[in-house]
Amino acid sequence: MGTSVFMVGVPQARLTVVVRPSLARGTLKGKKSEWLRAKIKDDDDPLLQAAIHGASLRFQETHRPEPLFIDPYAGCFLLPNAEKDMDQNPHHYCLATKFIDDKLLSTMNHIDGLNQVVLLTDGMDTRPYRFRWPTSTIIFNISPESVFKIAAQKLEGVGAKLPKSCLLLHVPLESSDIQEILRRKGFLGNRPSIWVFQGLPVMTLAGFEELVSVVSSLAMKGCLFLGELPALLAETEAGSNSSSKQWVDKLFMGNGFKVKTICYDEVARSLGKELESGEYKNILFVAEQLRFSDDQMEIWRREFQRIEEDADEEGFEEL
């Protein structure tokens, strides 16, 4: 039986999209990540196929007469004879990609010191290569390890390179402690970060709730968490689409986020486009962290302890 996958101190330079010629709060300790456990065994693996499907949609969008975005690397994941669909109406996924790209770009360009990006993806996200990131940007990519390795080989084969002085670090989703590995690789919870969720295969509702909790623990107050939430997860809890928004609000607010869901039709209208026909159940969202991260709380705790110790010393001297 197949597995169901829900798709989902240095001056900063401005972040732009690089267009190149087209190319064919929990720590999850002590256990394998139940929320994302998966292995790639062969080309029929649903995780690999889901990632290729996303790349195919980006490839098709790139070759439209008036594309929403250019992904010069999407084609390297596909067969050489991949056909180009000239349908003028963009797919919901591509509208979401455009929205996420624009929000990521604008946020990176307007927040000083923002150089930590966490991408929760299917393993074939090309944003690390198609954006011109600000100097010293560190990109953490959380995705299926084997899909990421396949993608890395394909990207290397077509000469894809990161901007100079930037760093891409992979965190396998199969890891037993995602939060600890992020810290070990250099993620700082007392520095600004932005989190993007698109395509990461989430197997269970509890898994996504645990993921949001991890982000809540690590993301500094004021940081953004945005992307596409697989609506099937919301429906599992809420029972219907009409209740999905309430479930999303409850989930994010329970973890310290203020969340806004975005209508795909609104995104399409803002771009002067019409949506491709057909049902699409994912939920586009932007959430802002309202709490202090664990690292910020630890800094506050240490400062408070220091103040108390200084006060005790002053009181002792007076005696």
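1. A polar contact here is a pair of N or O atoms within 3.5 Å; within protein, one atom must be able to donate a hydrogen and the other to accept it, and residues adjacent in sequence count only if both atoms are side-chain atoms. By that rule the side chain of Gln-289 reaches the backbone nitrogen of Arg-291 at 3.2 Å, and the side chain of Gln-289 also reaches the backbone oxygen of Ser-216 at 2.8 Å.

2. The model is predicted, so that local features need pLDDT of at least 70 and side-chain atom pairs count only at pLDDT 80 or more, whereas totals for chains, interfaces and linings use all residues. Residues are numbered from 1 along each chain as its sequence is written, and side-chain values use heavy atoms, with hydrogens and water left out.

3. On confidence, pLDDT is the predictor's confidence in each residue, from 0 to 100; its mean over the protein chain is 84, and 79% of the residues reach 70 or more. Residues 1–14 stay under 50, and the model has 43 contacts for them beyond four places in sequence, a contact being heavy atoms within 4.5 Å. Residues 17–41 are likewise below 50 in pLDDT, with 85 contacts in the model beyond near neighbours in sequence. Where pLDDT is low, the predicted coordinates should not be read in detail.

4. As for the overall make-up, the protein chain has 10 helices and 9 strands, where helices (H or I, at least four residues) and strands (E, at least two) are DSSP runs numbered from the N terminus. Buried residues make up 50% of the 319 residues in the protein chain; buried means under 20% relative accessible area, exposed over 50%, and partly exposed in between, with a 1.4 Å probe and protein chains only. The protein chain exposes about 15600 Å², of which carbon and sulfur atoms supply 51%; accessible areas come from the Shrake-Rupley method with a 1.4 Å probe, and for residues only the protein chains shown count as cover.

5. The sheet is open and has 7 strands in the order β5-β4-β2-β6-β7-β9-β8, with mixed pairing; two strands pair if DSSP finds at least two bridges between them. Because β5 (167–172) and β8 (257–262) stand at the edges with a single partner strand each, one side of each is left without a neighbour in the sheet. From one strand to the next the twist averages 15°, with axes being lines fitted to C-alpha atoms, for helices over the stretch in contact, and angles running from 0 to 180 degrees between N-to-C directions. At the β8 edge, 6 bridges join β8 to β9 (residues 283–289), and these two strands run antiparallel; Lys-258 stands opposite Glu-288 in β9.

6. Strand β6 deserves its own point: 5 of its 5 residues are buried, so β6 is largely enclosed by the rest of the structure. Ile-194, Val-196 and Gln-198 point one way from β6, while Trp-195 and Phe-197 point the other way, and all are buried. β6 pairs in the parallel sense with β2 over 5 bridges, where Ile-194 is the bridge partner of Val-117, and in the parallel sense with β7 over 4 bridges, where Phe-225 is the bridge partner of Trp-195.

7. Two helices may be checked against the sheet. Helix α6 (residues 205–218) lies across β2, β6, β7, β8 and β9 and runs at about 165° to β6, whereas helix α4 (residues 145–157) lies across β4 and β5 and runs at about 145° to β5. Ala-151 is in helix α4 and, at 2% relative accessibility, counts as buried. Leaving aside neighbours within four places in sequence, Ala-151 is in contact with Phe-77, Gly-123 and Met-124; the C-alpha atoms of Ala-151 and Gly-123 are separated by 6.8 Å, although the two residues are 28 apart along the chain.

8. Returning to Gln-289, this residue is found in strand β9 and is buried, with a relative accessible area of 0%. Not counting residues up to four places away in sequence, Gln-289 touches ten-odd positions that are best inspected by name, including Val-215, Ser-216, Cys-223, Asn-255 and Phe-257.

9. Two backbone angles merit a look. Most residues other than glycine have a negative phi. Ser-136, in the loop between β3 (131–132) and β4, has a positive phi near 70° and is partly exposed at 28%; Ser-165, in the loop between α4 and β5, has a positive phi of about 75° and is partly exposed at 47% relative accessibility.
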